[in-house]
2 protein chains.
Amino acid sequence: MGTVNKKMDGSRVLITGITGFAGSYLAEHLQGYAGEIHGISRSEKWPENIPSHLQKIPLHTSNFKDSVQVASILKKINPTHIYHLAGFAQTGKSFTNTSEAWAANLGAPQILYDAIKKSGITAKVLFAGSGLIYGTAKYNKEIKTESSELMPQSPYASSKAAADLLSYQIWVNDGIEIIRARPFNHIGPRQSIDFAMASFSKQIAEIELLKKPPIIKTGSLSAFRDLTDVRDTVKAYAGLMEHGKPGEAYNIGSGKNIRISDALKILVSFSNTPNLKIEEELPSSSSQKDFELLVGIDKLNETLSWKPIFSLDETLSDTLNYWRQIIATTLQNPKESK
Amino acid sequence: MGTVNKKMDGSRVLITGITGFAGSYLAEHLQGYAGEIHGISRSEKWPENIPSHLQKIPLHTSNFKDSVQVASILKKINPTHIYHLAGFAQTGKSFTNTSEAWAANLGAPQILYDAIKKSGITAKVLFAGSGLIYGTAKYNKEIKTESSELMPQSPYASSKAAADLLSYQIWVNDGIEIIRARPFNHIGPRQSIDFAMASFSKQIAEIELLKKPPIIKTGSLSAFRDLTDVRDTVKAYAGLMEHGKPGEAYNIGSGKNIRISDALKILVSFSNTPNLKIEEELPSSSSQKDFELLVGIDKLNETLSWKPIFSLDETLSDTLNYWRQIIATTLQNPKESK
């Protein structure tokens, strides 16, 4: 793999959503390259599962409701690069917390762009959207390229689609150099159990430590997904920030598909508990139709020398080991358990 | 031209934005077909320039800020068909009144769809978006079909794009039968002078009645536009409501392009004032780049037997005559003038 980032000593990087899943990994990656790193988060402190060397990064608090407040943070930091990763990430929960999803996924970038204009800073921006904006395959097995029709299948996806198009329009009209990243599923340690691989891993760890009977409960297992290690995804973010063209959109994925049930099989094969049972609960609503998403990554490949370093086996093994550690620690310190 | 609507005696039609430009023409068209017509408007009364037979249509007031309030209107009317035409229509003003544009163009349909769910009514919905969501020609002279990439060039266009995708997603997840109309420029009598042809017509009428010197002030005249008579556009709305497929998007336009300067020439040729001067003020910002929009209308043609009835000459002549009457009336009743 070629180098996707060069040392940028004079740079001041700001990551919104830095305490989140991708945010913290991005910070970790950029610690090797950026001159200075700052974060914005809704929460005033780092979650406990974030490594202590990351917790030294200055954390600014904002809920992205007020562009004057965000502008004052921007003026203070005067960032040269902003990664906007803050958002409402759970597709499933976006059906019940719809207005929260729209506020976080569309409202926050609106406030951010407004704050950039108000503050007068000149920063390059990477907006982290989502590959889910393409939605279901209208034509089955159609490869989704950056110019494919947008067909969002959830409030999460439609709010991300709206913000992706907003980002384009702001670039056109206000000259803010915004690069639109459209990551597909990224997985790994520290991901919330709202996501399948994290949920499966946690359950296996609990079963191994006899915290629950040997039954893994799952949603639909028949869908196909492009699964990328979060540590690879954030490197693509950093690479696109350096080499991407403002105004343009870039898919981020491995370009390979795997059926969820096959990924689960890999996880199960890593377990030391024999005879694990799987209980699949099929979704009742038509809203969760399974589909095969084929991710076109030609544009990413033409732009970056990026390719995933982590194999799916490594990623899933790391994720399972992360949960083994979390569950073991919880057992040793039951007070921390919830 | 084939018939685009059949008599629907039992129908109860609701038009949001009924007091607006397209809204009032749609109401006029549907008076021949629908069983009952209701309107929602922000304003509590009809504008003075609306024909009196339309002013008999019951008008309900809402600013689309509260879905409970809209739901109570919906329950009372129990509409079988809803045309959602309410919105912020001025592209130019959307640059300065950005949050107002987003609230009207995205917030209002969010409230409407929420209100439909809350009220428990079963109505088919036509959402009036905009052909401007396709934006500038990335590839010059590219024909914009319904699956073309969305590249909005203004807050108006990005808020309409967001609502168009929202409408698709709500259909997928909530089963509300929404048809997405993507009209290109429609013009005619009663249009606001925020739009070029109305502004030119008003100026010519003022010049003819010696209310101003013989100079027509214009914005950039070099862009190409697909200009359709509003009376034809609303017939396409009604046709799509009947024959369109829920979830699908449909371009509405003539499929023909005309340079703004050539349309102005036609208007000038109708004037009885010789030696009209034209003063073109070119936009300073890159945001108003001229572009040639070629509208693909194959899908519309496959779905409807609609085609425009009004020639551009007729439309422009009617528009100019409308303004002649308005200016003459204002001169006779100077108190009404603003």
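This is a short dialogue on reading a predicted model.

Q: What relates two copies of a chain?
A: Two copies of a chain are linked by a rotation about an axis and a shift along that axis. Here, chain B is superposed on chain A by a rotation of 180° with 0.0 Å of shift along the axis. The RMSD is 0.0 Å. That is how a two-fold axis relates copies.

Q: In chain B, which C-alpha is nearest the axis?
A: Look at Ala162(B). Its C-alpha is 2.3 Å from the axis, the nearest in chain B.

Q: Through what surface do the copies meet?
A: Compare the interface residues. Of those in chain B, 100% are also interface residues in chain A, so the copies meet through the same surface.

Q: Which way do strands β1 and β2 of chain B run?
A: Find β1(B) at residues 8-16 and β2(B) at residues 34-41. They run parallel, and six bridges join them. One residue to pick out is Ile15(B), whose bridge partner in β2(B) is Gly39(B).

Q: Through which helix does the chain cross from β1(B) to β2(B)?
A: Follow the chain out of β1(B). It passes through helix α1 of chain B, residues 21-30, and then enters β2(B). This is a β-α-β crossover, and it is right-handed.

Q: How many bridges pair β1(B) with β4(B)?
A: Four bridges, again in the parallel sense. Strand β4 of chain B covers residues 81-84. Ile15(B) appears here too: it stands opposite Tyr83(B) in β4(B).

Q: Where do side chains point in a regular strand?
A: They alternate between the two faces of the sheet.

Q: Is Asp229(A) buried or exposed?
A: Residues under 20% relative accessible area are called buried. Asp229(A) has 2% relative accessibility, so it counts as buried. Its place is in strand β11 of chain A, residues 228-229.

Q: What does Asp229(A) touch?
A: Leave out residues up to four places away in sequence. Then Asp229(A) touches Ile187(A), Phe310(A) and Thr315(A). Within that excluded stretch, look at the side chain of Arg231(A): the Asp229(A) side chain makes a polar contact with it at 2.7 Å.

Q: Where is Glu248(A) found?
A: In a loop of chain A, between α6 (230-243) and β12 (249-252). Being in a loop can still go with burial: at 19% relative accessibility, Glu248(A) counts as buried.

Q: Which side chain does Glu248(A) join in a polar contact?
A: That of Lys299(A), at 2.7 Å. Now look along the chain. Glu146(A) is 102 residues apart from Glu248(A), and their C-alpha atoms are separated by 8.8 Å.

Terms used: Residues numbered from 1 in each chain as written. Chains lettered and ligands numbered in written order. Predicted model: local features only at pLDDT ≥ 70, side-chain atom pairs only at ≥ 80, totals over all residues. Heavy atoms only, no water. Least-squares fit on C-alpha atoms with pLDDT ≥ 70 in both. Contact = heavy atoms within 4.5 Å. Pairing = 2+ DSSP bridges. Helix = DSSP H or I, 4+ residues; strand = E, 2+ residues; numbered from the N terminus. Right-handed = clockwise from strand over helix to strand, strands pointing away. Buried < 20%, exposed > 50% of the residue type's maximum accessible area, 1.4 Å probe, protein only. Polar contact = N/O pair within 3.5 Å; in protein donor to acceptor, adjacent residues only side chain to side chain.
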